[in-house]
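Visitor: I have this model open next to its sequence and would like to talk through how it is put together. Could we go over it piece by piece?

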Amino acid sequence: MNNKENILVILTTFNQSNVTRKCLDTLKLISDKHDVLCITKEVGKGLTDSWNVGYQYFKDNDYDYFVIANNDILIPDQSLTEMKKVLQKWPGSLVVPLSTK
């Protein structure tokens, strides 16, 4: 699979299907090109384990960018594109979004 220039959004979830659904609904509305990977945290395994699973998927599937997000956020349109622009200008940087919404 060639996902060149694609962004993988890694969502971590645990017993909050209604919250996760709202987040997924907003991701359907944004125009940024992206894929979504939902990882359900298993009992006894920490949040970091979910992040590691998502990061391994990112590496194994040849994505260029990834976003690790909790399921209780709403991602505004064009925000993934704006984060990608920062990373293209300053490769190797870490981008942390802020929102006033």
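**Contacts, sheet and salt bridges**

Visitor: What does W51 touch, not counting residues up to four places away in sequence?

Guide: With those neighbours left out, W51 touches T12 and I68; please keep in mind throughout that this is a predicted model.

Visitor: Where does W51 sit, and is W51 buried or exposed?

Guide: W51 belongs to helix α2, which covers residues 47–60, and its relative accessible area is 31%, so W51 falls in the partly exposed class. As for L11, that residue is 40 residues from W51 in sequence, while the two C-alpha atoms are 8.7 Å apart in space.

Visitor: OK, switching to the sheet. What's the strand order?

Guide: The order is β2-β1-β3, in an open sheet of three strands with parallel pairing. Because β2 and β3 stand at the edges and have a single partner strand each, one side of each is left without a neighbour in the sheet. On average, and with direction ignored, neighbouring strands of this sheet are turned by 20° against each other.

Visitor: How many bridges hold β1 to β2, and how many to β3?

Guide: The parallel pairing of β1 with β2 runs over seven bridges, and the parallel pairing of β1 with β3 runs over six. V9 illustrates both pairings, since V9 has V36 as its bridge partner in β2 and V67 as its bridge partner in β3. Another position to look at is T12, which stands opposite I39 in β2.

Visitor: And how does α2 lie on that sheet?

Guide: Helix α2 packs on the sheet and touches β1, β2 and β3, with its direction making about 155° with that of β1.

Visitor: Why is β1 described as largely enclosed?

Guide: The reason is that seven of the seven residues of β1 are buried, so the strand is largely enclosed by the rest of the structure. In a regular strand, side chains alternate between the two faces of the sheet. In β1, I7, V9, L11 and T13 point one way, whereas L8, I10 and T12 point the other way, and all of them are buried.

Visitor: How does the chain get from β1 to β2?

Guide: The chain crosses from β1 through α1 to β2, and this β-α-β crossover is right-handed.

Visitor: Then α1 next. What does L24 contact there, beyond its close sequence neighbours?

Guide: L24 lies in helix α1, residues 17–29, and, with neighbours within four places in sequence set aside, L24 is in contact with L11, V36 and C38. The cut-off for buried is under 20% relative accessible area, so L24, at 18%, counts as buried. C38 is 14 residues from L24 in sequence, and their C-alpha atoms are 9.3 Å apart in space.

Visitor: Changing topic: how many salt bridges are there?

Guide: The structure holds three salt bridges. R21, D25 and K28 are linked in a network of them: the side chains of D25 and R21 meet at 3.9 Å, N to O, and those of D25 and K28 also meet at 3.9 Å, N to O.

Visitor: Where do those three stand along α1?

Guide: D25 and R21 are four residues apart in helix α1, and so are separated by about one helical turn, while D25 and K28 are three residues apart in that helix, again with about one helical turn between them. With relative accessibilities of 34% for D25 and 44% for R21, D25 counts as partly exposed and R21 is partly exposed too, whereas K28, at 60%, counts as exposed.

Visitor: What does K85 pair with?

Guide: K85 forms a salt bridge with E82, the closest N and O atoms being 3.2 Å apart. The two are three residues apart in helix α3, and so about one helical turn separates them; K85 is partly exposed at 46%, and E82 counts as partly exposed at 41%.

Visitor: Which residues of α3 are buried, then, and what covers them?

Guide: In α3, residues 79–89, the buried residues are S79, L80, M83 and K84. Seen down the axis of α3, the buried residues fall within an arc of 135°, so they line one face of the helix. What covers these buried residues includes β1 (7–13), β2 (34–40) and β3 (65–70).

Technical notes
Residues numbered from 1 in each chain as written. Predicted model: local features only at pLDDT ≥ 70, side-chain atom pairs only at ≥ 80, totals over all residues. Heavy atoms only, no water. Buried < 20%, exposed > 50% of the residue type's maximum accessible area, 1.4 Å probe, protein only. Contact = heavy atoms within 4.5 Å. Arc of directions from axis to C-beta. Salt bridge = Lys/Arg side-chain N within 4 Å of Asp/Glu carboxyl O. Pairing = 2+ DSSP bridges. Axes fitted to C-alpha atoms, helices over the stretch in contact; angles between N-to-C directions. Right-handed = clockwise from strand over helix to strand, strands pointing away.
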